[in-house]
Amino acid sequence: MKLKMTRLKPEHAAITPYLRQSDIDEITAFSGISPDLAVAYSIAATERGYAVFLDGRLCAIFGVAHGGIIWLVGTDDITCHPITFYRVSRRIFDRLNAGYSRLENYVDTRKQLALRWLRWLGFTIHTPKPYGAGVFHHAIWTRKEE
């Protein structure tokens, strides 16, 4: 299995027809806008972002926008290959958090795998609260002083 990361580009929005259903559900519940529009907006607002390819197929895009709002959407490839994704996620996270003292976003309570992954990366997951049409946890990562 070959994994490759590249800088995020507008054409990576082509991932939207292949998004995991959990990502589509989260986007709809949180924002009420289409995944196409949400992904295009996220890419345009991103200060630092990457695309992940697994065996040549685009499987995830992610980035940091607005001074510390972290986001990620992906295809079922990242769910079907969790060990590969977890291994690379540390590298991904190291690239994303460079230059930020705090990263945060909201995560749908239904996305238990995402919540477990965020805890593993060191995020603090706060009590869920209603927002939009769903219920979300506020996930915050704060850089520790060395």
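**Close-up views of a predicted model**

Buried residues account for 47% of the 146 residues in the protein. The model is predicted. The legends below start with the whole chain and then go to single elements and residues.

**View 1. The whole protein has five helices and eight strands.**
Along the sequence, these elements follow the order β-α-α-β-β-β-α-α-β-α-β-β-β. The C-alpha atoms occupy a box of roughly 40 × 40 × 30 Å along the principal axes. The radius of gyration is 14 Å, which agrees with the value near 15 Å for a compact globule of 146 residues. Among contacts with a separation of 6 or more, 64% join residues 24 or more positions apart.

**View 2. The protein exposes a surface of about 8200 Å².**
Carbon and sulfur atoms supply 55% of that area. The protein carries 19 positive and 14 negative charges. The mean positions of the two sets are 5 Å apart.

**View 3. Strand β2 pairs with both β1 and β3.**
Strand β2 spans residues 46–54. It is mostly covered, with seven of its nine residues buried. Strand β1, residues 3–7, pairs with β2 in the antiparallel sense over five bridges. Strand β3, residues 57–65, also pairs with β2 in the antiparallel sense, over eight bridges. Two bridge pairs serve as landmarks here. R7 has Y50 of β2 as its bridge partner. R48 has V64 of β3 as its bridge partner.

**View 4. R7 is an exposed residue of strand β1.**
Is R7 buried or exposed? Its relative accessible area is 56%, so R7 counts as exposed, the cut-off being over 50%. Leaving aside neighbours within four places in sequence, R7 contacts H12, G49, Y50 and A51. Of these, Y50 is the bridge partner of R7 in β2. R7 and R48 lie 41 residues apart along the chain. Their C-alpha atoms are separated by 8.1 Å.

**View 5. A hairpin turn joins β2 and β3.**
Two residues lie between the strands of this hairpin. D55 sits in the loop between β2 and β3. What is notable about the phi of D55? It is near 50°, a positive value in a residue other than glycine. D55 has a relative accessible area of 43%, so it is partly exposed.

**View 6. H66 lies in the loop between β3 and β4.**
Strand β4 covers residues 69–74. H66 is not a glycine, yet it has a positive phi of about 50°. The relative accessible area of H66 is 52%, so this residue is exposed.

**View 7. E47 of strand β2 touches H66.**
E47 and H66 are 19 residues apart in sequence. Their C-alpha atoms lie 7.3 Å apart in space. Which residues does E47 touch, not counting those up to four places away in sequence? They are V64, A65, H66, G67 and Y100. One of them, V64, is the bridge partner of R48. E47 has a relative accessible area of 47%, so it is partly exposed.

**View 8. Helix α2 contains several buried residues.**
This helix runs over residues 35–45. Its buried residues are P35, A38, V39, S42, I43 and A45. What covers them? The cover includes helix α1 and strands β2, β3 and β4. Of these, β2 is itself mostly covered, and it pairs with β3.

**View 9. E26 is a buried residue in helix α1.**
Helix α1 spans residues 21–31. Is E26 buried or exposed? The relative accessible area of E26 is 13%, so it is buried, the cut-off being under 20%. Not counting residues up to four places away in sequence, E26 touches Y106, V107, D108, R110, K111 and F136. Helix α1 is also among the elements that cover the buried residues of α2.

Definitions and conventions. Residues numbered from 1 in each chain as written. Predicted model: local features only at pLDDT ≥ 70, side-chain atom pairs only at ≥ 80, totals over all residues. Heavy atoms only, no water. Buried < 20%, exposed > 50% of the residue type's maximum accessible area, 1.4 Å probe, protein only. Helix = DSSP H or I, 4+ residues; strand = E, 2+ residues; numbered from the N terminus. Pairing = 2+ DSSP bridges. Rg over C-alpha atoms; globule rule 2.2 N^0.38 Å. Contact = heavy atoms within 4.5 Å. Areas by Shrake-Rupley, 256 points an atom, 1.4 Å probe, with all protein chains shown as cover. Lys, Arg positive; Asp, Glu negative; His and termini not counted. Charge placed at Lys NZ, Arg CZ, Asp CG, Glu CD.
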